[in-house]
Amino acid sequence: MILLIANNGEYVEDISLPSVEKLVINSVTTYSCPKNGLVIFAGRKDGSIATYTTGEIKPLRVLHEHRMNVCTLSTDPEVGKLLSGSWDNTAIVWPIKEIINDLSFEALCLEGHKLSVWAVVSIPGRPGFYLTGSADRTIKYWEGDIVINSFSGHEDVVRSLVVLSKHLFLSAANDSTIRVWDINAGVCLQKYFSTANEYIYSLTSANMSGRNLVANVGESGFLEIWDVSENGSLHHKQLIKTPAQSLWSVAFLKNSDIAVGASDGNIYIFTTVLERRANARAMQLFQNVVSREVAKSEAVMAAQQNETVKIRVAVGNGEPNIELRYNKGSDPYDAARIFLMENNLPLSYMDEVVQYIIENIVEARQAHSRSMPPQSKPSEKCHLHGKVCAQPRFHVPEKFSGSNKLELDSKRPRSELVPLSSFFQFGIEQTSVKAISKLRELNELQDHHKLNEEQLNALEDILKSSSYELKDIHVFAIDTALEWNIDAIVPVMDVFRLALLNITLNEIYCSLETKNEGMARGLQTLQRLTNFLVSANSDPVRILTCRAIANAALHQWGRTMLIHDMTTVIRCVAVQLISAKHALQLAAASALANWALIFLEETECGKVAELGPREDALQAIIQAIENIASFGDFNQTALIRLLQAIVTLMWGDIAVIQFAKGRNIIGIVNRVKDAVVDESGKSIARDIAQMAYSL
């Protein structure tokens, strides 16, 4: 952790605080104390909060109330309180005076959220009142540790809160919105969409030279600045692009500059004062990198907008009122098949239409077309008259055999892979001696949840074979091991994802039935898996979490659990698709495909009256992959399963197909198809395009 100070217009390192325990720091805040000077609080991955004072490189005190990563910290200087939020679903209010004087105290724990608490703030002028924002998409208003009100409206994780006055506050979320709330009335007054249309990770405010400003940052590396009126209304002022993929934090500095912390390891500082501008070399380097990033995004958008060639065609002696569409660079066979299907023409005309497309569209000649179907019968030849012109004409015989008509339902394509007919699972490929050894090694490091030999043997049973005799000791061992810190959870998750394949364990850990007035085990499992996806910095943890989600679908309790309040978790899984790790791509695509099949089965049997969840799932996938220009580096099996997920979500439902078409699903799957080697995968992509073109 590094403390920077301004010195002659430059920011230089003042204090460097090494992490002796080598723990990741995920949140930082400071407090000015007359006696101790600047006090620094660092929230760490293991749930601890380290307290530093000026001049000391070792923590003055370490707080251990939280059980999981401390993802947010803030202070209330009016009453001397430290506020923390954690992935353990709680917020805690700490007395700073007692902390820095090493006195005993009782922390105030705010319990009530169902998922991680990402934001916690106090309300100036209202001592003892707090606001918390959570991954459960709610904001809670507290007096002490009592919930007074709960604000709902955000459609995704609430990431940041800013209090404007005793009566108004702002919230920002992964749903790309900033909302203005009336604390007393408990209602949302205004909703503003981020111009960047991306996840918002951090929000801050300041009064600069008599002007109230708000700044937010998030995914795609954008910084947005807003003017704030007295009634809380926002007016967009500026959008700044940085070279980073993500901006995690933003703060106004005392000199009115704005600092942002970026995923590329840099801190970018923006100013309106010419004297504090970066030198010409730094400015040019910054602009060059930003220009390259913008050019990449624009290239993708341009390709999406200009990828379709449209030609008006006449049948027989009629007017040229039939549209033939061709996506540049795609297989001409696709365009021909869709054209024939839409206009109820014989499939035997395929060769003629494909040949026409190739002869008249440059991009089609450059594309690799697939092998043609059997030759058309002479009596069903499709004749093209005259020289090609702006309004070409096909001559189609007035009569042809009805048996040659294409009778397929374009909205319900069927093949061996479409729609998905069985669930994917990740079983025991071979006994992993390494996993068992790691399990025992990490168990020796546990202080509070150490397994005895019988419990270790029970977990080894699950890792070695699917035919073990289930006993109570297996459940007790899993429950105990799941309490391990996330840094040690990999072998435990390997056990857990295999356990979910067992029908009895699936019922135990996925059932939504509430027992003994506690939270249902299924809700606990869903919450735990979501937290792992949101919080884990380890690819193996995310891989095993996605595999566990996929395996849960093998039995009815897991399927019911997965479609219960699935918006947040399915988006967390979809985001894993963009990982460079092939194993994570495959695990995420498999989980998404299983979700698609669950929704389809529920819909087909009439259990789902409203198909909103299918649209939500498809939206999550599209948001994750729509800006990927090339899928060439992706795992081949993952791409096919991704296409199966998409086609199964769209299958047979006009509303979902229309939604997908509006989000340029054709352009997306064409890019996927270009990367897929296997013809079966390309065929799925064609089916998806055909479904979209059917409307």
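**Helix packing, internal cavities and an aromatic pair**

In the predicted model, Arg614, Ala617, Leu618, Ile621 and Ile625 of helix α16 are in contact with Leu642, Ala645, Ile646, Thr648, Leu649 and Met650 of helix α17. Nine of the residues in this contact are nonpolar, one is polar and one is charged. Helix α16 spans residues 612-625 and helix α17 spans residues 636-650. The two helices pack at an angle of about 145°, and their axes lie 9 Å apart. The crossing of α16 and α17 is left-handed.

Empty space inside the model was examined next. Rolling a probe the size of a water molecule over the atoms shows where such space remains. Five cavities of 30 Å³ or more were counted. The largest cavity has a volume of about 70 Å³. Its lining consists of Arg325, Tyr326, Asn327, Ser330, Asp334, Ala335, Ile338, Asn670, Ala689 and Tyr693. Two or more of these residues come from each of the elements β27 (322-327), α3 (332-342) and α20 (679-693). By residue class, the lining of the largest cavity comprises five nonpolar, three polar and two charged residues. The charged residues are Arg325 and Asp334, and the polar residues are Asn327, Ser330 and Asn670.

The second largest cavity encloses about 50 Å³ of space. Ser194, Ala196, Glu198, Tyr199, Ile200, Asn216, Val217, Gly218, Glu219, Phe222 and Glu224 line the second largest cavity. Strands β20 (211-218) and β21 (222-228) each contribute at least two residues to this lining. The largest share, three residues, is supplied by β20. The lining of the second largest cavity divides into five nonpolar, three polar and three charged residues. Glu198, Glu219 and Glu224 make up the charged group. Gly218 is counted as polar, together with Ser194 and Asn216.

Aromatic contacts were also surveyed. The structure holds 13 aromatic pairs. Among them is the pair of Phe151 and Phe169, which is edge-to-face, with a centre-to-centre distance of 5.3 Å and an angle of 80° between the planes. The pair is assigned to the edge-to-face class because its planes are over 60 degrees apart. Phe151 belongs to strand β14 (residues 146-152) and Phe169 to strand β16 (residues 168-173). The two residues are 18 residues apart, and their pairing links distant parts of the chain.

Conventions:
Residues are numbered from 1 along each chain as its sequence is written. This is a predicted model: local features need pLDDT of at least 70, side-chain atom pairs count only at pLDDT 80 or more; totals for chains, interfaces and linings use all residues. Side-chain values use heavy atoms; hydrogens and water are left out. Axes are lines fitted to C-alpha atoms, for helices over the stretch in contact, and angles run from 0 to 180 degrees between N-to-C directions. Helices (H or I, at least four residues) and strands (E, at least two) are DSSP runs, numbered from the N terminus. A crossing is left-handed if the near helix is turned anticlockwise from the far one by less than a right angle, and right-handed if clockwise. Contact means heavy atoms within 4.5 Å. On a 1 Å grid over the protein atoms alone, a cavity is a set of points where a 1.4 Å probe fits but cannot get out, and a pocket is an open set with protein on both sides within 12 Å along at least five of seven lines; lining residues have an atom within 4 Å of a point. Grid points are joined across faces, edges and corners, and a volume is the space filled by probe spheres set on the points. Rings of Phe, Tyr and Trp (its six-membered ring) pair if their centres lie within 6.5 Å; planes under 30 degrees apart count as stacked, over 60 as edge-to-face and the rest as tilted.
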